[in-house]
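Biologist: Hi, could you pull up the model so we can go through it together?
Modeller: Sure, here it comes.

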Amino acid sequence: MTDTLLDPRNLAFELYEVLDAEELTQRERFADHNRETFDAALATARQIAEKFFAPHNRKSDENEPEYVDGAAVLIPEVKPAVDAFIEAGFQNAGRSFEEGGMQLPNLLSRACFAHFQSANIATSSYPMLTMGASNLIGKFGTEDQKRRFFQPMIDGRFFGTMALTEPHAGSSLSDLRTRAEPAGDGTYRIKGNKIFISGGDHPLSENIVHMVLAKLPDAPPGVKGISLFIVPKFLVNDDGSLGERNDVVLAGLFHKMGWRGTTSTALNFGDNGNCVGYLVGEPHKGLSYMFQMMNEARIGVGMGAIMLGYAGYLYSLDYARERPQGRHPDGKDPTSPQVALIEHADIRRMLLTQKAYVEGSFDLGLFCARLVDDGKTGTSDEQRQLANELLDLLTPIVKSWPSEFCLKANELAIQILGGHGYTREYPVEQYYRDNRLNPIHEGTHGIQSLDLLARKLTQNKGAGLRQLIGLIEDSIQRAGEHASLEELRKPLEQLLQHLQTTTQALLTDLGSGKVNETLANSALYMKVFGHAVIGWRWLEQAIRAEEGLARGNTADEGFYRGKLQAARYFLTWEVPACHHDLNLLDARDQTCMEMRDGWF
């Protein structure tokens, strides 16, 4: 029986053979850890995910939250799950021992959390949102704000959200209308409406702390006039006890295609003129603060997409191994035994495509988690700077590429199950529905592609891009030491050369003022850029697989051969196809740009 939560052998390969998690224990912050403590944390995460999260994944989908007497009501299994998560220490896995945390590297925290995302993406969202909101207050809040809100959040008593989107504006934050009026006592009165607020109401915690974007009366227009406010569901007294209910009203719940177990709320702030908010940091700098939580969430969304794709892949793999159906094309005897689905070439194609997408994405997600560690605990200023520059560049990729291609993996999982895959008796249709949210929230594909091409490529004078190119070139060179990888490294080398030429030309056009024309096909650019990054990560995995085979452990031979075959598929099937997309970008094709409303 295939493990349908997360392949432990692949996780060990990533942590200890590709990303060298044990090297992190040489740093002072992680000196109390070793591989044994890492594996113990992973084992505990798996145990809790299997016991408390996975069993109600289907039930929370079939019994979505209800709006009852002005509050959101969840199925009863959700609270014991999040309580078990908190009690085991995963809410604070990366925090210091002094804060009551496990002081794990971010790489290990992400790996632990991946089990919960695979087991139940909806229930895992509540602690994920809280971790992001508490990190925001912990970094930018005052000492009083930390005492009133941050400490109860890391204790697991308060949960958190981020409230950005408004009904009239969607993703256009420069057009938000929520207002914050000074009250004369250091607090503010918030007035406005927010929608699609995940976790905006629930019975899981004593309090819910909303991180709200709003504008002060003297705010300049656009995003430069946005400030950030803490707006709790219940006010908090000086002694830390809960005070009166704040003027925050649950206006209703959205009924989603998937991800149904997480409340998606419409919230009204200040309907009675008395919604108390607390300014975080300086006025008009709220969006820059919020980007910390948004960037954390974008990596989290990418990992969520990966784990939903992963779960679908593993389930369809198990099904294909167990399900007898048909015979080989040359099998003419109808009385001969049927073969398992996995014996059919096209089923193997679909499984191999899924493996290439989800395991390539999984590697990238954990690589970015490792960059967070290097950015915070690197052994030199230069290492920390390099890690942060590269992470900034890769953030739109790790959010969007898995959201698109792990969703395609879910689609293939349904196809492998055939008619069964289209029914609710099997989980692959839910994985698809759940994953369909990821290309939308925390910045759509279009938004991420604009961020990549118009901003991230030239950020820090292009330092992140130069670093990435150097890393890919280094992998290509090292792959040349293995004759068996020659076929794999050449397509990536050719794509990298073409991509660099196209990129330089596009940036030249942007610099000359051809903004709309250049950015019209940014989504196509991001797809190719993402393929180059995933191709690089697969080449790295192939190198490690060759090294593993050279060690001669026969028990792992099948695992390493599978890695090499998936790398071969991605680098010889998927990567060469990118040149057509680059040709369209080179020609500045305006087919989509020139289409007119009246022609549809």
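Modeller: Let me start with a cysteine: Cys 112 is buried, with 0% relative accessible area. Keep in mind that this is a predicted model.

Biologist: Thanks! How many disulfides does the count give?
Modeller: The count comes to zero disulfides. Cys 112 is in none, and the nearest cysteine sulfur, in Cys 368, is 18 Å away.

Biologist: And why is there no bond between Cys 406 and Cys 368?
Modeller: The two sulfurs are 13 Å apart, and Cys 368 holds the closest cysteine sulfur to that of Cys 406, so the gap is too far for a bond. A disulfide would need the sulfur atoms within 2.5 Å.

Biologist: Is Cys 406 buried or exposed?
Modeller: Cys 406 counts as buried because its relative accessibility is 0%, and the cut-off is under 20%.

Biologist: Okay, switching to the nonpolar packing. Which residues touch the most other members in the largest core?
Modeller: Those are Phe 362 and Phe 529, in a core of 134 residues. Helix 10, residues 381–417, supplies the largest share of this core, with 16 residues.

Biologist: What is Phe 529 in contact with, away from its sequence neighbours?
Modeller: Beyond four places in sequence, Phe 529 contacts a set of leucines, namely Leu 393, Leu 452, Leu 457, Leu 465, Leu 468 and Leu 499, along with Ile 397. There is also a second, separate core of 29 residues, and among its members are Leu 164, Leu 287, Tyr 289 and Met 294.

Biologist: Leu 452 caught my eye. Which residues are buried in helix 12?
Modeller: Helix 12 covers residues 445–456, and its buried residues are His 445, Gln 448, Ser 449, Asp 451, Leu 452, Leu 453 and Lys 456. The cover over them includes helix 8, helix 10, helix 14, helix 15 and helix 16.

Biologist: Staying with helix 16, where does His 531 sit, and what does it touch?
Modeller: His 531 is in helix 16, which spans residues 522–550. Leaving out neighbours within four places, its contacts are Trp 401, Phe 405, Phe 570, Glu 574, Val 575 and Cys 578. His 531 has a relative accessible area of 2%, so it counts as buried.

Biologist: Any other histidines to look at? Where is His 115?
Modeller: His 115 lies in helix 5, residues 106–119, and is buried at 1% relative accessibility. Away from its sequence neighbours, His 115 touches Leu 5, Leu 6, Leu 11, Leu 42, Ala 45, Arg 46 and Ala 49.

Biologist: How about His 168, buried or partly exposed?
Modeller: His 168 is partly exposed, with a relative accessible area of 35%. His 168 sits in the loop between strand 3 and strand 4. Its side chain reaches the backbone oxygen of Asp 175 at 2.7 Å and makes a polar contact of 3.4 Å with the side chain of Arg 177.

Biologist: Nice. Now a charged one: which side chains make polar contacts with Arg 148?
Modeller: There are contacts with two aspartates: Asp 144, at 2.8 Å, and Asp 238, at 2.3 Å. Arg 148 itself is in helix 7, residues 143–154, and is buried, with a relative accessible area of 11%.

Biologist: What else does Arg 148 touch further along the chain?
Modeller: Not counting residues up to four places away, Arg 148 touches Phe 158, Val 236 and Asn 237 as well as Asp 238. Leu 235 is 87 residues from Arg 148 in sequence, and their C-alpha atoms are 9.3 Å apart.

Biologist: Last topic, empty space. How many cavities are there?
Modeller: The count is five cavities of 30 Å³ or more. The largest has a volume of about 50 Å³, and the residues lining it include Glu 64, Pro 65, His 255, Arg 260 and Ser 264.

Biologist: And the second largest pocket, what is its volume and what lines it?
Modeller: Its volume is about 610 Å³. The lining has 21 residues, and Tyr 313, Leu 352, Lys 355, Gly 562 and Gln 565 lie nearest the centre. Helix 8, helix 9 and helix 17 are the elements that each give two or more residues to this lining.

Biologist: Which helix gives the most?
Modeller: That would be helix 17, with eight residues.

Technical notes. Residues numbered from 1 in each chain as written. Predicted model: local features only at pLDDT ≥ 70, side-chain atom pairs only at ≥ 80, totals over all residues. Heavy atoms only, no water. Buried < 20%, exposed > 50% of the residue type's maximum accessible area, 1.4 Å probe, protein only. Core = buried A, V, L, I, M, F, W, Y, C linked by side-chain atoms within 4.5 Å. Helix = DSSP H or I, 4+ residues; strand = E, 2+ residues; numbered from the N terminus. Contact = heavy atoms within 4.5 Å. Polar contact = N/O pair within 3.5 Å; in protein donor to acceptor, adjacent residues only side chain to side chain. 1 Å grid on protein atoms, 1.4 Å probe; cavity = no way out; pocket = protein on both sides within 12 Å on 5 of 7 lines; lining within 4 Å. Points joined across faces, edges and corners; volume = space filled by probe spheres on them.
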